[in-house]
Amino acid sequence: MDERLRYTVRYAQENSPFYRKWFREKKIDPREIREHEDLLDLPLISGASIRQNQPPVTHEFMFKSAGWEDIFTIHETSGTSGIPKSFFLTWQDWMRYAEKYARIFVSQGFGTGDRVIICASYGMNVGANTMTLAARDIGMAIIPTGKCNFPTRMITSYQPTAIVGSVFKLLNVARRLKKEGYSVAESSIERLVVGGESFARESREYLAELWQKEVYNTYGSTEGTMCGECTEIEGLHVPEDLVHLDVYDPELKSFVTDGECGRAVLTTLIPVGGHCGTLLLNYDTEDTTVVLTRQPCPCGRTHMKILNPQREAETVWILETPLNRVDIERGVFQRDNMDYLTGEYEAFVYQGENDDDILLRVSMECKDPELTDRNLVSENFLKSFLTNKPRLADSYGINFDIIFNFTTPGELELYRIKGRPRRLVDRRDK
Ligand SMILES: [Zn+2]
């Protein structure tokens, strides 16, 4: 793979205006980057680097690393700052992205004859489109609904064997079908694939229970990561021949060893002789993960496995404690709560009356608020939440409080906002 790295660096020097300038300004001799370890000595770039090196900030797209005659599609990732990052894909990039998804599908037991509903959206991001292309190599049929409110006849008529979507979309489908008197457990669906966002173990377990099927995780991004769980469901395989991944701790300002948590840092690997529309070296994804193992997997694959990445953008800090959306989700999805809740939730952090006081308000959607055992739900939430956050447990009832709000279906604030729902929002004055 070091040969691919050397080729990628040379390709960057010759074709990426950004990296040409970066090598020069950082006094990096690209010829001295010979193996993966050499990347650890280089600085990182981030999403901000991309935003600051594209119109309207610069005249040209500095990250675009192929001529227009080579660019097949243009993509944008929304990000939380609201300014999209532009990505350029050549047809070769499409083939490599599709290859990564094809491998993931195969590692999850997919094969010829499978029929797959894709609820992930077909938009300016690459996921749904490249998954569709991946199906061609496997001999699967894709039903590209692009959203989760497809009619039930899609299931009864086409007898699909799998659905791809986010945890919440798939919970939503199960709920809707049940309302129509249809048993999802007895449907033609054999497996579910979730992706697009991180989730708590508890919410996946609940999804698997509702559908009575295995649920596999994928982690894809326009940057080209595409990692997936195999049938072992014990971490996500990284396609190490097409992307190199390191883990970096911004606090320590250094790369960390396997088993330690940090940000996933990516480097594209272009096969020798290949072209690439947007290549990235030492790119900080701002998603946190852990390298779980580099040992061969019982599934037969040898690529390293990582923990399901979490988005740093979905983390807020309370009393020196990081609080991720998934921490809230874990509390909501405690098994006994799910007799009363739909799983939809949102949480807001407020400043208390004194400057040091912090209030977390958690709203949970109930199947029926009147019939909900609110004490039980609150206690289950607190037990899970405070056990995982000892610093907050110490402050609980002193200068940190949680209030619970139980809503009827459709009443959460997130339903009134378009786009990706934000389930953890910091409303303190900055
Ligand atoms: Zn495996």
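Trainee: How should I read burial, and are Cys230 and His237 buried or exposed?

Mentor: Burial is judged by relative accessible area: buried means under 20%, exposed over 50%, and partly exposed in between (1.4 Å probe, protein chains only). Cys230 and His237 are both buried. Please note that this is a predicted model, in which local features need pLDDT of at least 70 and side-chain atom pairs count only at pLDDT 80 or more, while totals for chains, interfaces and linings use all residues. Residues are numbered from 1 along each chain as its sequence is written, and side-chain values use heavy atoms, with hydrogens and water left out.

Trainee: Which residues are the protein donors of the zinc ion?

Mentor: Donors are N, O and S atoms within 2.8 Å of the metal (3.2 Å for Na, K and Ca); water is not among the atoms, so sites may look incomplete. Here Cys230 (SG), His237 (NE2), Cys297 (SG) and Cys299 (SG) serve as the protein donors, at 2.2 to 2.3 Å from the zinc ion. Along the sequence, their spacing is C-x6-H-x59-C-x1-C.

Trainee: What arrangement do the four donor atoms make around the zinc ion?

Mentor: For four tetrahedral donors the ideal angle is 109.5 degrees. As a rule, four donors count as tetrahedral if all angles lie between 85 and 135 degrees; four count as square planar and six as octahedral if opposite donors are over 155 degrees apart and all others between 65 and 115; anything else is irregular. The angles around the zinc ion are 103 to 113°, so the arrangement is tetrahedral.

Trainee: How is a helix checked, and what span should helix H8 have?

Mentor: Helices (H or I, at least four residues) and strands (E, at least two) are DSSP runs, numbered from the N terminus. The expected span of a helix is 1.5 Å times one less than its number of residues. Helix H8 (residues 167–179) has 13 residues, so it should span 18 Å, and its end C-alpha atoms are indeed 18 Å apart. After H8 comes Gly181, which has a positive phi near 80°.

Trainee: Which residues of H8 are buried, and what do they pack against?

Mentor: In an α-helix there are 3.6 residues a turn, so residues three or four places apart point the same way. The buried residues of H8 include Val167, Leu170, Leu171 and Ala174. Packing is read from contact, meaning heavy atoms within 4.5 Å. Among the partners of the buried residues of H8 are helix H7 (153–158), strand S5 (162–165) and helix H9 (201–211).

Trainee: Where is Ile28 found, and which residues is Ile28 in contact with?

Mentor: Ile28 is in the loop between helix H2 (17–25) and helix H3 (36–39), and its relative accessible area of 13% makes it buried. Apart from neighbours within four places in sequence, Ile28 is in contact with Trp22, Phe23, Ile33, Leu42 and Pro43. Lys27 is also placed in the loop between H2 and H3; Lys27 has 75% relative accessibility and therefore counts as exposed. Its phi is near 55°, a positive value in a residue other than glycine.

Trainee: How is a cavity distinguished from a pocket, and how many cavities of 30 Å³ or more are there?

Mentor: On a 1 Å grid over the protein atoms alone, a cavity is a set of points where a 1.4 Å probe fits but cannot get out, and a pocket is an open set with protein on both sides within 12 Å along at least five of seven lines; lining residues have an atom within 4 Å of a point. Grid points are joined across faces, edges and corners, and a volume is the space filled by probe spheres set on the points. The count comes to four cavities of 30 Å³ or more.

Trainee: What lines the largest cavity?

Mentor: The largest cavity, about 190 Å³ in volume, has a lining of 20 residues, with Tyr97, Glu223, Gly224, Thr268 and Thr278 nearest its centre. Helix H5 (91–107) is among the elements that each supply at least two residues, and H5 gives the most, with four.

Trainee: What volume does the second largest pocket have?

Mentor: The second largest pocket holds about 920 Å³ of space. Its lining comprises 36 residues, those nearest the centre being Cys261, Thr288, Leu307, Asn308 and Gln310.
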